[in-house]
Amino acid sequence: MSRPESIENRWDILYRDYPEVYEAFSNTPYSPTVYEQLSGILDLHGKEVADVGAGTGSSSLALAHYAAKVIGIEREAAMLQKAQEKVQGSGAGRVTFLSGDAMALPLADNSVDWVTGITLALYPPGQYRDFIREGLRVAKGSVVYVGIPPGWYGGDLYDVIEDVEKVDDEVDRIFIEEFHFAYQDIFSNQDYGTVEHIVNTYGFIFGKKAIAHLKRENKTTIRWKFRVYWRA
Ligand SMILES: C[S@@+](CC[C@H](N)C(=O)[O-])C[C@H]1O[C@@H](n2cnc3c(N)ncnc32)[C@H](O)[C@@H]1O
């Protein structure tokens with residue numbers, strides 16, 4: 001398969017056909033990390049966590065630095081395979097992965113302490129209602145979602161990435177107004193090191209307008225704002 005210049009925000013194509021690009025994108029270092037900030041907001045220590053939308057496993061492995069046990073749940077076979085390969089290589093016995101859907105979790109009622117969705121990007125946004133109901137069914141403790149708040153899709157290049165359906169307002173409303181989640185915003189800088197790396201990962205995902213901007217400005221970092229939503 002010849003690789004296009006960009007998948008123009010088609011995350012479904014990214015997960016299905018280019019899991020290695022998602023892996024390179026998610027492994028590009030963030031400072032400070034989402035996980036160190038999350039562990040300062042909510043105590044993960046000793047907890048058993050179901051990490052929904054585990055992707056290539058980055059979030060599950062990062063949560064396992066704090067939690068006692070993490071079960072990563074992922075629906076896309078190509079992503080799940082990468083996650084499973086990674087965990088086999090790392091010998092991280094506290095992390096396992098399962099195939100499953102965020103809207104029908106393959107876990108019993110009250111079977112874990114926390115359910116997390118770390119940039120679990122459900123579409124259309126009404127699907128978050130089912131994820132929240134499932135999370136509250138399965139978790140003894142908190143359901144935690146880390147997402148991108150309104151106005152921050154693509155981080156500080158939000159204004160450059162136009163012509164994309166932006167659903168973050170509705171997601172925000174579902175968590176805060178409909179389901180009464182508490183929330184806190186956190187910031188993180190992602191350093192890609194070179195223009196070539198940012199164009200081949202971030203640019204590949206967020207589109208040709210982003211690529212043109214990155215090259216013109218010689219930009220190699222992205223500033224992100226994340227919103228941590230939680231409810232016990
Ligand atoms: C942006 S990635 C986040 C991956 C990982 N949590 C991380 O932080 O690197 C979102 C993941 O959610 C998965 N996903 C989307 N909808 C899903 C659903 N209904 N059930 C399970 N996984 C889903 C996608 O396949 C993708 O791997």
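This is a short group-meeting talk on one predicted model.

Hi everyone, thanks for coming. The structure on the screen is a prediction, so please keep that in mind as we walk through it.

Let's start with the sheet. Eight strands make it up, and it is open, with mixed pairing. If you want to trace the order, read β1-β7-β8-β6-β5-β2-β3-β4. Which strands stand at the edges? They are β1, residues 30–31, and β4. Each has a single partner strand, so one side of each is left without a neighbour in the sheet.

Now look at β3, residues 69–74. Five of its six residues are buried, so the strand is largely enclosed by the rest of the structure. Strand β2, residues 48–52, pairs with β3 in the parallel sense, over five bridges. You can find the pairs yourselves: Glu 48 is opposite Lys 69, and Ala 50 is opposite Ile 71. To get from β2 to β3 the chain passes through helix α4, residues 58–63, and this β-α-β crossover is right-handed. Strand β3 also pairs with β4, residues 95–99, again parallel and over five bridges. There, Gly 72 has Phe 97 as its bridge partner.

Next, the ligand. How many residues surround it? The count is 19, and the closest are Gly 53, Gly 55, Ser 59, Arg 75 and Ala 102. By type, this shell holds nine nonpolar, six polar and four charged residues.

Let's stay with Gly 55 for a moment. This glycine sits in the loop between β2 and α4. Is Gly 55 buried or exposed? The cut-off for buried is 20 or more other C-beta atoms within 10 Å; Gly 55 has 24, so it counts as buried. Leaving out residues within four places in sequence, its contacts are Tyr 22, Ser 26, Glu 74, Met 79 and Ala 83.

What about the nonpolar core? The largest one has 64 residues, and among those with the most contacts inside it are Ala 50, Val 52 and Leu 63. Helix α8, residues 195–206, gives the most to this core, with six residues. Leu 63 touches several residues beyond four places away in sequence, including Tyr 35, Val 49 and Val 70.

For contrast, try Gln 84 in helix α5, residues 77–90. This glutamine has 19 C-beta neighbours inside 10 Å, so it counts as partly exposed. Its C-alpha atom is 7.7 Å from that of Thr 96, and the two residues are 12 apart along the chain.

Last stop: some backbone details. Most residues other than glycine have a negative phi, and most peptide bonds are trans. Where does this model depart from that pattern? The bond joining Ser 31 and Pro 32 is cis, with omega about -15°, and Pro 32 lies in the loop between β1 and α3. The bond from Tyr 123 to Pro 124 is also cis, with omega near -5°; Pro 124 is in the loop between β5 and α6.

As for phi, Glu 8 has a positive value near 45°, and this residue is in the segment before α1. His 180 has a positive phi too, about 55°, and belongs to the loop between α7 and β7. With 8 C-beta neighbours inside 10 Å, His 180 counts as exposed, whereas Glu 8, with 17, is partly exposed.

That's my tour. Thanks for listening, and please ask away!

Note on methods: Residues are numbered from 1 along each chain as its sequence is written. This is a predicted model: local features need pLDDT of at least 70, side-chain atom pairs count only at pLDDT 80 or more; totals for chains, interfaces and linings use all residues. A residue is buried if 20 or more other C-beta atoms lie within 10 Å of its own, exposed if 12 or fewer, and partly exposed in between; C-beta atoms are placed from the backbone. Helices (H or I, at least four residues) and strands (E, at least two) are DSSP runs, numbered from the N terminus. Two strands pair if DSSP finds at least two bridges between them. A crossover is right-handed if, with the strands pointing away from the viewer, the path from the first strand over the helix to the second runs clockwise. A residue is near a molecule or strand if its C-beta atom, placed from the backbone, lies within 6 Å of it. Ala, Val, Leu, Ile, Met, Phe, Trp, Tyr, Cys and Pro count as nonpolar, Asp, Glu, Lys and Arg as charged, and the others, Gly among them, as polar. A nonpolar core is a set of buried Ala, Val, Leu, Ile, Met, Phe, Trp, Tyr and Cys residues joined through C-beta atoms within 7 Å. Two residues are in contact if their C-beta atoms, placed from the backbone, lie within 7 Å.
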